[in-house]
Amino acid sequence: MRRCTSGALFTQQRSYRFLVMKMKGYRLLRSSSALGPRPSILSQGFTLVELLVVLAILGLLVGLVGPQVMKTLGSSKTKTAGIQIADLSGALDIYRLEVGRYPNTSEGLQALVEAPGDSKSWNGPYLKKSQVPKDPWGFDYEYRSPGEHGAFDIWTLGADNREGGDGQDQDVHGWE
């Protein structure tokens, strides 16, 4: 009798553990024996189908979000070029106040960091890093003085470094 009772208790405890494990999300791998299939090894993980579904969702997200992120990066470079042109224009205005004129085309923007030979009232450098920045695409800014659109013109030709273009290839002008 006792053996039967303890055997029944053992079966009830095993059933309870099985139920608790099932509720916590454990998967039971079954092995076959002479008595039929029974739980033998606990496994915690994902099935191949679950992994494939997650990979498909990630692929869709990258396909939909990726082009939008690239478009935003391109427009941010164009905005950065506009901001740099405005900073260079401000430095040129300070240069004119101290020297009495804007640097001519041959002196270029380099006059903001190095004194031109004939200038005695140069009090620079007029740029923080003591070097003329390149545009966001790695090219030099174009400078002309006297300019066609004002006292001076500053512009960049965009990612393709050619006149015209759309998107990242568009020209950024200081007079617009």
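**View 1. Leu-92 and the residues it touches.** Leaving out residues up to four places away in sequence, Leu-92 touches Tyr-102, Pro-103, Leu-109, Leu-112, Tyr-143, Phe-152 and Ile-154 (contact means heavy atoms within 4.5 Å). A word on what you are looking at: this is a predicted model, in which local features need pLDDT of at least 70 and side-chain atom pairs count only at pLDDT 80 or more, while totals for chains, interfaces and linings use all residues. Residues are numbered from 1 along each chain as its sequence is written, and side-chain values use heavy atoms, with hydrogens and water left out.

**View 2. The largest nonpolar core, with 21 residues.** Leu-92 returns here: together with Leu-109, Leu-112 and Ile-154, Leu-92 is among the residues with the most contacts inside this core. Helix 2, spanning residues 48–99, gives the core its largest share, 7 residues. A nonpolar core is a set of buried Ala, Val, Leu, Ile, Met, Phe, Trp, Tyr and Cys residues joined through side-chain atoms within 4.5 Å. Buried means under 20% relative accessible area, exposed over 50% and partly exposed in between, using a 1.4 Å probe and protein chains only. In soluble globular proteins, nonpolar side chains tend to be buried together.

**View 3. Ile-154 in strand 4.** Ile-154 counts as buried because its relative accessible area is 2%. Beyond four places in sequence, Ile-154 touches Ile-85, Leu-88, Ser-89, Leu-92, Leu-109, Tyr-141, Glu-142, Tyr-143, Val-172, His-173, Gly-174 and Trp-175. Pick out Ile-85 in this view: Ile-85 and Ile-154 lie 69 residues apart along the chain, yet their C-alpha atoms are separated by 6.7 Å.

**View 4. Ser-89, a residue of helix 2.** With a relative accessible area of 16%, Ser-89 is buried. Look for Phe-152 and Ile-154, which are in contact with Ser-89 once its neighbours within four places in sequence are left aside.

**View 5. An open sheet of 3 strands in the order 3-4-5, paired antiparallel.** Two strands pair if DSSP finds at least two bridges between them; helices (H or I, at least four residues) and strands (E, at least two) are DSSP runs, numbered from the N terminus. The edges are strand 3 (142–144) and strand 5 (172–173), each pairing on one side only. Strand 3 is joined to strand 4 by 3 bridges, and Tyr-143 has Ile-154 of strand 4 as its bridge partner. Strand 4, residues 153–156, is joined to strand 5 by 2 bridges. Across that second pairing, Trp-155 is partnered by His-173 and Thr-156 by Val-172.

**View 6. Strand 4, covered on both faces.** On one side sit Asp-153 and Trp-155, and on the other Ile-154 and Thr-156; all of these residues are buried. For the wider setting, the protein chain has 2 helices and 5 strands, following the pattern α-β-β-α-β-β-β along the sequence. Buried residues make up 21% of its 176 residues. Among contacts between residues at least 6 apart in sequence, 34% join residues at least 24 apart.

**View 7. The largest pocket, with a volume of about 290 Å³.** Its lining is made up of Gln-84, Asp-87, Leu-88, Tyr-126, Leu-127, Lys-128, Lys-129, Gln-131 and Pro-133. By class, that comes to 4 nonpolar, 2 polar and 3 charged residues; Ala, Val, Leu, Ile, Met, Phe, Trp, Tyr, Cys and Pro count as nonpolar, Asp, Glu, Lys and Arg as charged, and the others, Gly among them, as polar. On a 1 Å grid over the protein atoms alone, a pocket is an open set of points where a 1.4 Å probe fits, with protein on both sides within 12 Å along at least five of seven lines; lining residues have an atom within 4 Å of a point. Points are joined across faces, edges and corners, and the volume is the space filled by probe spheres set on them.

**View 8. Backbone details in three loops: Ser-130, Pro-146 and Asn-161.** Most residues other than glycine have a negative phi, and most peptide bonds are trans. In the loop between helix 2 and strand 3, Ser-130 has a positive phi, near 55 degrees; at 43% relative accessibility, Ser-130 is partly exposed. Asn-161, in the loop between strand 4 and strand 5, also has a positive phi, of about 55 degrees, and is partly exposed at 32% relative accessibility. Between strand 3 and strand 4, the loop holds Pro-146, which is joined to Ser-145 by a cis peptide bond with omega about 0 degrees.
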